[in-house]
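Thank you all for making time this morning. I would like to walk you through one structure, and I will try to go slowly enough that you can follow each point on your own screens.

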Amino acid sequence: MAAVKSYRDLETWQKAMDLVQEIYLETKSFPKEEIYGLSGQMRRAAVSIASNIAEGQGRDSTKEFLHHLSIAYGSLCELETQMLIACRLGYFSQQIYERLFDSSSRVGRLINGLSNSLRR
């Protein structure tokens, strides 16, 4: 395995960035009244996931990295809840929800895997 020189080298961050892009694309069609509501919250949560992975990797200690990964995972749980709300409100089809949930689940597994490897 190659040494990680930057957060950009982390698959976890790369997949989180893909998720941000998917969320931005899928929330474009939300009703205008949701710009500062659900779509805004979803976008902020998705951005928080990738941002905390990057910030944590840039910190001086493993303890701080683990802390930021924990925050990223919390934002992921927040986003998954908001995605379900969007689906229940009819803003997403079941198919879109399932695709986004698959992406978010993958990011969650990667965050957990990275956290576990840092604890070893």
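I will take the helix packing to begin with, then a few individual residues, and then the cysteines. Please keep in mind throughout that what you are looking at is a predicted model, and that the values I quote are computed from it.

Let me start with helix 1, which covers residues 11-27, and helix 2, which covers residues 38-57; the two pack at an angle of about 165°, and their axes are 9 Å apart. Since an angle over 145 degrees is counted as roughly antiparallel, helix 1 and helix 2 are described as roughly antiparallel to each other. Their crossing is left-handed. When we ask which residues make this contact, we find on the helix 1 side, among others, Trp-13, Met-17, Val-20, Ile-23 and Tyr-24, and these residues of helix 1 belong to a set that meets residues of helix 2 including Met-42, Arg-43, Val-47, Ile-49 and Ile-53. Sorted by class, the contact between helix 1 and helix 2 is made up of 14 nonpolar, 3 polar and 1 charged residues.

Before we leave this pair, there is the loop between helix 1 and helix 2, where Ser-29 is located. Ser-29 is exposed, because its relative accessible area is 59% and the cut-off for that label is over 50%. If you would like a distance from that loop into the rest of the chain, the C-alpha atoms of Ser-29 and Glu-80 are 18 Å apart in space, with their positions 51 residues apart in sequence.

Moving along the chain, helix 2 also packs with helix 3, this time at an angle of about 160° and with the axes 8 Å apart. Helix 2 and helix 3 are therefore roughly antiparallel to each other, and their crossing is left-handed. By class, the contact of helix 2 with helix 3 comprises 15 nonpolar, 8 polar and 2 charged residues.

What does His-68 touch, if we leave aside its neighbours within four places in sequence? His-68 sits in helix 3, and its contacts are Asn-52, Glu-55, Gly-56 and Arg-59. With a relative accessible area of 7%, His-68 is buried, because that label applies to anything under 20%.

One of those partners, Asn-52, deserves a look from its own side. Asn-52 lies in helix 2 and is buried as well, with a relative accessible area of 10%. Setting aside the neighbours within four places in sequence, Asn-52 is in contact with His-68, Ile-71 and Ala-72. Within the earlier part of the chain, Asn-52 and Leu-25 are 27 residues apart in sequence, and their C-alpha atoms are 21 Å apart in space.

The next pair is helix 3 and helix 4, the latter spanning residues 94-119, and here the axes come within 10 Å and cross at roughly 165°. Helix 3 and helix 4 are therefore roughly antiparallel to each other, and this crossing, too, is left-handed. The contact of helix 3 with helix 4 contains 16 nonpolar, 7 polar and 2 charged residues by class.

A residue to look at here is Tyr-73, which is placed in helix 3, residues 62-88. Not counting residues up to four places away in sequence, Tyr-73 touches Gly-108, Ile-111 and Asn-112. Is Tyr-73 buried, exposed or partly exposed? At 31% relative accessibility, Tyr-73 counts as partly exposed. The C-alpha atom of Tyr-73 is separated by 12 Å from that of Gly-113, which is 40 residues away along the chain.

That brings me to the cysteines. How many disulfides does a search of the whole structure find? The search finds 0. Cys-77 is in no disulfide, and the nearest cysteine sulfur to it, that of Cys-87, is 18 Å away. Taken from the other end, the closest cysteine sulfur to that of Cys-87 is in Cys-77, and 18 Å is too far for a bond, because a disulfide calls for two sulfur atoms within 2.5 Å. As for their surroundings, Cys-77 is partly exposed, with a relative accessible area of 33%, whereas Cys-87, at 15% relative accessibility, counts as buried.

That is where I will stop, and I am happy to go back to any of these residues on the screen.

Technical notes
Residues are numbered from 1 along each chain as its sequence is written. This is a predicted model: local features need pLDDT of at least 70, side-chain atom pairs count only at pLDDT 80 or more; totals for chains, interfaces and linings use all residues. Side-chain values use heavy atoms; hydrogens and water are left out. Helices (H or I, at least four residues) and strands (E, at least two) are DSSP runs, numbered from the N terminus. Buried means under 20% relative accessible area, exposed over 50%, partly exposed in between (1.4 Å probe, protein chains only). Contact means heavy atoms within 4.5 Å. Axes are lines fitted to C-alpha atoms, for helices over the stretch in contact, and angles run from 0 to 180 degrees between N-to-C directions. Angles under 35 degrees count as roughly parallel, over 145 as roughly antiparallel, 65 to 115 as roughly perpendicular and the rest as oblique. A crossing is left-handed if the near helix is turned anticlockwise from the far one by less than a right angle, and right-handed if clockwise. Ala, Val, Leu, Ile, Met, Phe, Trp, Tyr, Cys and Pro count as nonpolar, Asp, Glu, Lys and Arg as charged, and the others, Gly among them, as polar.
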